[in-house]
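Work through the exercises below with the coordinates open. Each task is followed by a stepwise solution.

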Amino acid sequence: MLHRGRESTGGDGEPVVPMAWFYAEYIADELLRTGDLMPPTSVEFRAGRDALALTVFLSDTDGELSGIRVITQLETWLSLTAYDQPWQEWVQDRLDDLAADAAASGTGVPGPDLELAVEAWRWLRETELLAPDLNAVPGGAAAGEDEGPKVWTPAWQLGLPLGHLAIHLF
């Protein structure tokens, strides 16, 4: 089954359903649930789901993602979410390109898929989560999960490695 970015619910004048975004979110959710890394009700899970959904949605350059292609895209998503990749710049560039395409299409209005992707990116950038400071060296002793220094981190910086690990575990 193919999912296109601008599927309508019916005839003229009815709202457009953001199927491409919903499908990307579904894939991300399934990858994270399969990995069983965080409780699905946690903010960290949402950060991972949104980071993965953005990766899935923005890497689909043809505007359609079929169920069979999901498996073939795992390596692409792994490379995009890898630690040494400028993921945040790639996301912003792809969102800018899609917004420019929408403006050039004559409607001037981004579709609901793009609106949801932009909202997810805004949330990931502006929301900060308290996380262990992985760059700090605690006083020489091994610290437990709840011990040691913590820092406020943008949600994408926590969600991206979580999503990357979920892809590996899939």
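The exercises concern charged side chains and helices in this predicted model.

**Exercise 1.** Find the span of helix H1 and compare it with the expected value.

Solution.
1. Helix H1 covers residues 19–35, which gives 17 residues.
2. The expected span is 1.5 Å times one less than the number of residues, and this comes to 24 Å.
3. From its first C-alpha to its last, H1 reaches 24 Å, close to that expectation.
4. After H1 comes Asp36, with a positive phi near 50 degrees.

**Exercise 2.** Classify Arg33 and Asp29 as buried, partly exposed or exposed, and describe their contact.

Solution.
1. Buried means under 20% relative accessible area, and exposed means over 50%.
2. Asp29 has 14%, so Asp29 is buried.
3. Arg33 has 44%, so Arg33 is partly exposed.
4. Their side chains form a salt bridge, with 2.6 Å from N to O.
5. The two residues are four apart in helix H1, which means a separation of about one helical turn.

**Exercise 3.** Which residue pairs with Arg46 in helix H2, and which network includes Arg46?

Solution.
1. Arg46 forms a salt bridge with Asp50, and their closest N and O atoms are 3.4 Å apart.
2. Both residues lie in helix H2, four residues apart.
3. Arg46 is partly exposed at 32%, whereas Asp50 is buried at 3%.
4. A comparable setting occurs in helix H5, where Arg122 and Glu126 are four residues apart and form a salt bridge at 2.7 Å.
5. Through shared partners, salt bridges join Glu25, Arg46, Arg49 and Asp50 into one network.

Key: Residues numbered from 1 in each chain as written. Predicted model: local features only at pLDDT ≥ 70, side-chain atom pairs only at ≥ 80, totals over all residues. Heavy atoms only, no water. Salt bridge = Lys/Arg side-chain N within 4 Å of Asp/Glu carboxyl O. Buried < 20%, exposed > 50% of the residue type's maximum accessible area, 1.4 Å probe, protein only.
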